[in-house]
Amino acid sequence: MADDVKRLTRSRENKVIAGVCGGVGEYFNIDPVIVRIIMLMAFFGAGVGLIAYIIAWIIVPEEE
């Protein structure tokens with residue numbers, strides 16, 4: 001794979017639990033705190049935030 005290809009990975013440096021929000025923030029070039037707030041709103045609003053986080057934790061690889 002080429003070096004310039006951007007891949008979604010879990011962050012090792014910017015993580016609180018598993019690095020999912022940090023990885024999404026790095027991928028979309030936004031602050032991971034914003035991603036965490038969106039995930040919390042999804043969790044408390046519709047209840048899907050926790051399920052989405054766990055699924056991402058399982059399927060998104062950790063950065064090398």
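Helices here are DSSP runs of H or I with at least four residues, and they are numbered from the N terminus. The model is predicted.

**Exercise 1. Take stock of the chain.**

Task: State how many helices and strands the protein chain has, and in what order its elements run.

Solution.
- Step 1. Count the elements: the protein chain has three helices and zero strands.
- Step 2. Read from the N terminus: the order is α-α-α.
- Step 3. Place the helices. α1 covers residues 20-28 and α2 covers residues 32-45. α3 covers 49-59.

**Exercise 2. Test the overall dimensions.**

Task: Compare the radius of gyration of the protein chain with that of a compact globule of 64 residues.

Solution.
- Step 1. Get the reference. The rule is 2.2 Å times the number of residues to the power 0.38. For 64 residues a compact globule comes out near 11 Å.
- Step 2. Compare. The protein chain has 12 Å, which agrees.
- Step 3. Add the extents. The C-alpha trace spans about 40 × 20 × 15 Å along its principal axes.
- Step 4. Add burial. Of the 64 residues, 27% count as buried.
- Step 5. Add contact range. Take the contacts with a separation of 6 or more; residues 24 or more positions apart account for 42% of them.

**Exercise 3. Classify the packing of α1 on α2.**

Task: Find the angle class and the handedness of the pair α1 and α2, then describe their contact.

Solution.
- Step 1. Pick the descriptors. Two packed helices are described by an angle and a distance, both taken between their axes.
- Step 2. Read them off. The angle between α1 and α2 is about 125 degrees, and the axes lie 8 Å apart.
- Step 3. Apply the cut-offs. Roughly perpendicular ends at 115 degrees, and roughly antiparallel needs over 145. α1 is therefore oblique to α2.
- Step 4. Give the hand. The crossing of α1 and α2 is right-handed.
- Step 5. List the residues. α1 brings Cys21, Gly22, Val24 and Gly25; α2 brings Pro32, Val35, Arg36 and Met39.
- Step 6. Sort them by class. Five are nonpolar, two polar and one charged. Gly counts as polar here, and Arg as charged.

**Exercise 4. Repeat for α2 and α3.**

Task: Classify the angle between α2 and α3 and give the classes of the contact residues.

Solution.
- Step 1. The two helices pack at about 125 degrees, with axes 7 Å apart.
- Step 2. α2 and α3 are therefore oblique to each other.
- Step 3. From α2, the contact takes Met39, Ala42 and Phe43; from α3, Gly49, Leu50, Ala52 and Tyr53.
- Step 4. By class, that gives six nonpolar residues, one polar and no charged.
- Step 5. Cross-check with Exercise 3. Met39 also appears in the contact of α1 with α2.

**Exercise 5. Look at α1 and what follows.**

Task: Name the buried residues of α1 and what covers them, then describe Asn29.

Solution.
- Step 1. Buried in α1 are Val20, Cys21, Gly22, Gly23 and Gly25.
- Step 2. Their cover includes α2 and α3.
- Step 3. Move to the end of the helix. Just after α1, Asn29 takes a positive phi of about 60 degrees. Asn29 is not a glycine.
- Step 4. Place Asn29: the residue lies in the loop between α1 and α2.
- Step 5. Assign exposure. Exposed requires over 50%. Asn29 has a relative accessible area of 67%, so the residue is exposed.

**Exercise 6. Connect the N-terminal segment to α1.**

Task: Trace the contacts of Leu8 and Tyr27, leaving out residues up to four places away in sequence.

Solution.
- Step 1. Locate both. Leu8 lies in the segment before α1, and Tyr27 lies in helix α1.
- Step 2. Leu8 touches Gly23, Val24, Tyr27, Val60 and Pro61.
- Step 3. Tyr27 is in contact with Lys6, Arg7 and Leu8.
- Step 4. Check exposure. Leu8 is partly exposed at 34%. Tyr27 is partly exposed at 29%.
- Step 5. Add distances, C-alpha to C-alpha. Leu8 and Gly47 are 39 residues apart in sequence and 24 Å apart in space. Tyr27 and Glu63 are 36 residues apart along the chain, with 11 Å between their C-alpha atoms.

**Exercise 7. Judge one residue of α3.**

Task: Decide whether Ile51 is buried or exposed.

Solution.
- Step 1. Ile51 sits in helix α3.
- Step 2. Its relative accessibility is 52%, so Ile51 counts as exposed.
- Step 3. Ile51 and Val33 are 18 residues apart in sequence; C-alpha to C-alpha they are 19 Å apart in space.

Key
Residues numbered from 1 in each chain as written. Predicted model: local features only at pLDDT ≥ 70, side-chain atom pairs only at ≥ 80, totals over all residues. Heavy atoms only, no water. Axes fitted to C-alpha atoms, helices over the stretch in contact; angles between N-to-C directions. Parallel < 35°, antiparallel > 145°, perpendicular 65-115°, else oblique. Left-handed = near helix turned anticlockwise from the far one by under 90°. Contact = heavy atoms within 4.5 Å. Buried < 20%, exposed > 50% of the residue type's maximum accessible area, 1.4 Å probe, protein only.
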